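Hi,

Here is the structure I promised to pass on to you. Have a look at it first, and my notes on what I found follow below.

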Amino acid sequence: MITDQIHFTLEQWEENPNKVLNAIQKQFKHKILIVRSSSLEEDSWDSSQAGAFLSVANVSSDNIK
C-alpha cells in the first residue's frame with residue numbers, strides 16, 4: 001500500500017529547506033513518518049538497488065528538522 005507522501009527535488013531543498021520542512025509538518029502534523037531517499041539510480045528494468053538508499057523509520061513530523 002502506498003500512503004500519502006511528499007516529494008521534493010534537491011533543487012527545491014537547496015533553494016528553501018524551511019519551505020519543504022513546513023510543508024511536511026503541515027501535511028503530517030503529529031504523525032510518525034518514514035523518510036527515504038530517492039535517486040535516478042534506483043531500481044530499473046535492468047538492475048535492483050534494493051537496500052542501497054537510506055530509509056529512516058519512526059521520524060516525528062514535529063521534529064523533522
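Leu 33 is a good place to start: leaving aside residues up to four places away in sequence, Leu 33 touches Ile 24, Phe 28, Val 56, Ala 57, Asn 58, Val 59, Ser 61 and Ile 64. Please keep in mind that this is a predicted model.

Several of those partners turn up again in the largest nonpolar core, which has seven residues in all: Val 20, Leu 21, Ile 24, Phe 28, Leu 33, Val 59 and Ile 64. Helix H2 gives the most to this core, with three residues. As background, nonpolar side chains in soluble globular proteins tend to be buried together.

That brings me to H2 itself, which spans residues 17-27 and has Val 20, Leu 21 and Ile 24 as its buried residues. They cover an arc of only 95° around the axis, so they sit on the same side of H2. This fits the general rule that an α-helix has 3.6 residues a turn, so residues three or four places apart point the same way. On the other side of H2, Lys 19 and Lys 26 are exposed. What lies over the buried residues of H2? The cover includes helix H1 (10-15) and strand S1 (32-36).

Stepping back to the whole chain, you will find two helices and two strands, in the order α-α-β-β along the sequence. Of the 65 residues, 14% are buried. Among contacts with a separation of 6 or more, 45% are between residues 24 or more positions apart. The accessible surface of the chain comes to about 6,000 Å², and carbon and sulfur atoms account for 51% of that.

Now for the outside. Phe 8, Leu 10 and Trp 13 make a nonpolar surface patch of about 300 Å². Trp 13 belongs to helix H1. Is Trp 13 exposed, partly exposed or buried? With a relative accessible area of 33%, Trp 13 counts as partly exposed, because that value falls between the 20% limit for buried and the 50% limit for exposed.

One last spot to look at is Ala 52, in the loop between S1 and strand S2 (55-60). Ala 52 is also partly exposed, at 47% relative accessibility. Ala 52 and Ser 37 are 15 residues apart in sequence, and their C-alpha atoms are 9.8 Å apart in space.

Happy to go through any of this with you.

Best wishes

Definitions and conventions
Residues are numbered from 1 along each chain as its sequence is written. This is a predicted model: local features need pLDDT of at least 70, side-chain atom pairs count only at pLDDT 80 or more; totals for chains, interfaces and linings use all residues. Side-chain values use heavy atoms; hydrogens and water are left out. Buried means under 20% relative accessible area, exposed over 50%, partly exposed in between (1.4 Å probe, protein chains only). Helices (H or I, at least four residues) and strands (E, at least two) are DSSP runs, numbered from the N terminus. The arc is that of the directions from the helix axis to the C-beta atoms. Contact means heavy atoms within 4.5 Å. Accessible areas come from the Shrake-Rupley method with a 1.4 Å probe; for residues, only the protein chains shown count as cover. Patches are made of residues with over 30% relative accessible area and no salt bridge: like charges are joined within 9 Å, nonpolar side chains (Val, Leu, Ile, Met, Phe, Trp, Tyr) within 5 Å. A salt bridge is a side-chain nitrogen of Lys or Arg within 4 Å of a carboxyl oxygen of Asp or Glu. A nonpolar core is a set of buried Ala, Val, Leu, Ile, Met, Phe, Trp, Tyr and Cys residues joined through side-chain atoms within 4.5 Å.
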